Every structure is written in C-alpha cells, then in structure tokens.
Amino acid sequence: MACYYICVVWFYKRCQPFLTFGSMSTIQAISYYLPDAIYTNEDFFTEFPDSKKSNFDKIGVRKRHIIAQGETASDLACRAAKKLFEEHGIDKNEIDFLLLVFQGPDYYLPSSSGIIHAKLGLRNDCGAMDIEMGCSGFVYGLSVAAGLIAAAGMKKIVLLTASSLTNTLHPKDKGSRFVFGDGAAATLITADGNGSINSFVFGNDGKGYEKIIIRDGGARNPITYGSHDETTDEFGSVICNANYFMDGISVFMFSTKRVPQLVNDVLAKAGLQKEDIDLFVFHQPNIMLNETIRKKLDIQEDKFVHSMAEVGNTVQSTIPIALYESIQNGRLKRGMKVLVAGFGVGLSWSGAIIDY
C-alpha cells in the first residue's frame with residue numbers, strides 16, 4: 001500500500017501540469033443571432049428629447065436589436081444554434097450535449113434547453129441543461145462544457161447564450177433602454193483541435209444580489225398591484241418592482257474593484273504575465289466602465305476589445321459576440337491566447353484563458 005501511495009503521489013506531481021481542468025476543450029466555431037427590430041440612438045433621443053446626449057455618448061452604443069413581442073430568449077438561442085449549424089456545416093447528430101445560459105425561462109418547468117433540444121432535432125442521448133446566469137454566464141458555460149469533455153468523454157458540445165432583457169425594462173427607464181440589446185450566441189466546443197480552455201476562476205458576492213434585480217414576479221415575491229408602483233431615480237429613469245433595476249453606481253464600483261483582481265487571479269493560475277496575452281475580451285456593459293478597467297490594468301488598447309456599438313449590452317452573449325467579431329475582423333487568429341472575463345448580476349465574476 002505504501003508503495004502504491006508513493007507511485008500515485010509521484011504520478012500526480014509529474015503529470016498535474018498536464019491535467020488542467022478543460023485542457024482538452026477547444027472553441028471550434030461561433031455564430032450569433034440578433035432580432036430584426038432595431039432601436040437606434042436617433043429613436044432614443046426622439047423618445048427622450050430631454051436626455052443629455054454627451055452623457056450617453058460615453059456608453060458607446062449606437063443601436064441595439066430588440067426582441068419581438070411574444071418571443072423569448074429560447075427562441076433567439078434556437079435561431080443562433082441553427083445559424084451555427086448552417087454556417088459551419090455542423091452535423092446536429094454529432095452534438096453530445098446542449099447547454100443554455102440565460103435568464104428568463106419559457107416556463108417554470110420544463111427546462112428551456114429541453115425545448116430547444118426538440119426544436120433542433122438533436123439525438124435522444126444528447127443531454128440538455130439550463131444554466132441560469134447573467135453577465136458572467138458565458139465563462140461558467142465554458143467551464144461546464146470543459147468538464148463534460150474532460151470527465152464524461154464527450155466530443156461536441158453546443159453552448160447557447162441568450163438575452164431578452166429588454167422585455168423586462170420599464171418603458172421609461174431610459175438608462176437601461178439605452179444600454180441593453182437582445183441577442184443570442186452559439187459556440188461549438190469540442191475535444192478536437194490544438195487549443196484549450198483553462199485556468200478558470202470564479203467568484204460571487206451574494207450580499208450584493210439586490211444591486212441588479214427584478215424584485216417581483218418570481219416565487220419569492222409574486223406580482224401584485226403594488227409591483228407596478230413607479231418611482232423616478234435621480235437620473236430621471238422610471239422604475240418599479242415588476243421591472244429590471246440596476247444600481248449603476250454600485251455595479252460600477254464593484255466592477256472596477258473586482259475585475260482587475262479577477263484578471264490577476266486568472267493570470268496567476270495560468271502561470272502567465274499580462275504581456276503573454278494577445279487579446280483581452282471582457283463582458284461588454286459599457287465602454288466607459290471597460291475603459292476604466294483597461295486603464296487600471298494598464299492593458300494596451302490594441303489588445304483590448306470593445307464590441308457593443310452595434311448591438312448594445314447583450315448580457316450573457318457579449319463575450320461570444322466579441323470573440324466572433326474579433327475573428328471576423330482579423331484581431332483573433334488561431335494560436336493566440338485570449339483572457340475572457342465576465343462580471344455583473346449576482347454579483348458574480350468569472351474568467352479563463354482560451355488558447356485559440
């Protein structure tokens with residue numbers, strides 16, 4: 001037994017660097033889908049003519065796509081998946097698992113991922129699972145996919161991220177309506193290829209859960225007549241308990257404090273220096289916030305991605321959309337190291353290294 005123990009310890013110490021969680025996982029393809037309806041800045045300032053344009057210019061959005069009435073996040077996710085299959089010639093019968101990262105299920109039950117599974121016509125032995133996460137959800141989804149590949153021997157996993165947040169906004173909440181857009185992304189993660197997804201770091205400060213919240217409408221606080229009682233904040237936005245609420249100042253402070261530490265933690269776990277990273281792709285809440293974080297970390301501008309001008313903040317889908325656009329415009333090429341970081345509702349954060 002002692003000899004066996006010594007051999008196990010020796011093997012672990014020698015091989016541990018090669019046993020990094022998710023080390024066999026690779027992002028093979030990304031696609032995304034946006035609703036047809038577009039809400040431009042011209043539309044916004046026509047609707048809110050008393051808004052100071054210079055204040056909103058700092059956010060960095062020119063237009064955003066808005067989901068149609070009666071549509072859900074799962075509808076967007078399903079279209080993103082179909083687009084992924086068509087654009088990249090993917091055989092749906094080769095998919096081993098479907099992951100859906102979103103907030104806003106079609107029903108209390110069954111799972112929305114199961115509904116998408118049926119609409120896509122995936123195999124009966126292909127698993128499907130919902131992951132209820134917001135701004136940090138894409139990286140959480142990557143980690144689950146990596147775990148399924150590493151632990152269960154799966155070969156191809158589709159990770160869907162979808163946001164229909166504009167459905168939850170008060171019509172007169174001008175701050176949120178300027179920032180957010182709807183959309184979905186589909187990412188194929190496989191056990192093939194030469195890349196890897198590794199060095200995951202996660203965190204959550206549940207004490208801050210009320211900083212981004214829809215207070216009424218769930219099991220804790222059902223909708224009542226009082227849920228629609230309106231209040232106006234200091235910026236002139238109208239809110240109520242039945243609609244989306246964000247304490248913008250608190251979230252800004254949380255992000256500028258937490259994200260630099262997150263980036264340093266991911267680098268330390270990967271054994272890398274900031275200079276080793278070819279591209280930094282963060283969640284896209286607004287340009288002003290991300291520029292503050294970039295400058296705090298002293299990241300070169302040409303290594304940092306802003307990708308929300310034409311789509312707005314699409315919550316779970318901001319990172320995969322930014323990755324897709326970086327591939328399309330030539331900023332992201334095979335062989336590069338990418339540091340991805342998500343942060344927001346929860347309050348939660350997540351990061352990882354993608355060896356693309």
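Here are a few exercises with worked solutions on the predicted model shown above.

**Exercise 1. Cis peptide bonds**

Find where the cis bond between Leu 109 and Pro 110 sits, then do the same for the one between Gly 346 and Leu 347.

*Solution.* Start with the bond from Leu 109 to Pro 110, where omega is near 10°. Now place the proline: Pro 110 belongs to the loop that runs between strand E4 (97-102) and helix H5 (112-120). Next, take the bond joining Gly 346 and Leu 347, with omega about -10°. Leu 347 is in the loop between strand E14 (337-344) and strand E15 (348-355).

**Exercise 2. Positive phi outside glycine**

Take Ser 199 and Asp 298 in turn, and work out which element or loop holds each residue and whether each is buried or exposed.

*Solution.* Begin with the serine. Ser 199 is not a glycine, yet its phi is positive, at about 60°. The residue is part of strand E8, which covers residues 196-204. For the burial step, the cut-off is under 20% relative accessible area. Ser 199 has 6% relative accessibility, so it counts as buried.

Now the aspartate. Asp 298 also has a positive phi, near 55°. Its place is the loop between helix H9 (287-297) and helix H10 (318-328). Here the useful cut-off is the one for exposed residues, over 50%. With a relative accessibility of 60%, Asp 298 is therefore exposed.

**Exercise 3. The surroundings of a loop serine**

Describe where Ser 51 lies and which residues it is in contact with, leaving aside neighbours within four places in sequence.

*Solution.* First the location: Ser 51 is in the loop between helix H2 (41-47) and helix H3 (53-57). Then the accessibility: a relative accessible area of 10% makes Ser 51 buried. Finally the contacts: once neighbours within four places are set aside, Ser 51 touches Phe 44, Phe 45, Phe 56 and Lys 174.

**Exercise 4. Salt bridges**

Say how many salt bridges the whole structure has, then follow the pairs Asp 75 with Lys 119, Glu 94 with Lys 156 and Asp 247 with Lys 211.

*Solution.* A reminder before we start: side chains of opposite charge can pair when their charged atoms come close. The search of the whole structure gives 14 salt bridges.

- *Asp 75 and Lys 119.* These side chains form a salt bridge with an N to O distance of 3.4 Å. The pair links distant parts of the chain, 44 residues apart, with Asp 75 in helix H4 (residues 73-88) and Lys 119 in helix H5. Asp 75 is buried at 17% relative accessible area, while Lys 119 is partly exposed at 45%.
- *Glu 94 and Lys 156.* The N to O distance in this salt bridge is 2.5 Å. Glu 94 is in the loop between H4 and E4, Lys 156 is in strand E6 (residues 156-163), and 62 residues separate them. Glu 94 is partly exposed, at 37% relative accessibility.
- *Asp 247 and Lys 211.* Here the salt bridge has an N to O distance of 3.8 Å. Asp 247 lies in the loop between strand E12 (245-246) and helix H8 (248-270), and Lys 211 lies in the loop between E8 and strand E9 (212-213), 36 residues apart. Asp 247 is partly exposed at 23%, and Lys 211 is partly exposed at 31%.

As a last step, look for shared partners: salt bridges of this kind join Arg 62, Lys 63 and Glu 310 into one network.

Definitions and conventions. Residues are numbered from 1 along each chain as its sequence is written. This is a predicted model: local features need pLDDT of at least 70, side-chain atom pairs count only at pLDDT 80 or more; totals for chains, interfaces and linings use all residues. Side-chain values use heavy atoms; hydrogens and water are left out. Helices (H or I, at least four residues) and strands (E, at least two) are DSSP runs, numbered from the N terminus. Buried means under 20% relative accessible area, exposed over 50%, partly exposed in between (1.4 Å probe, protein chains only). Contact means heavy atoms within 4.5 Å. A salt bridge is a side-chain nitrogen of Lys or Arg within 4 Å of a carboxyl oxygen of Asp or Glu.
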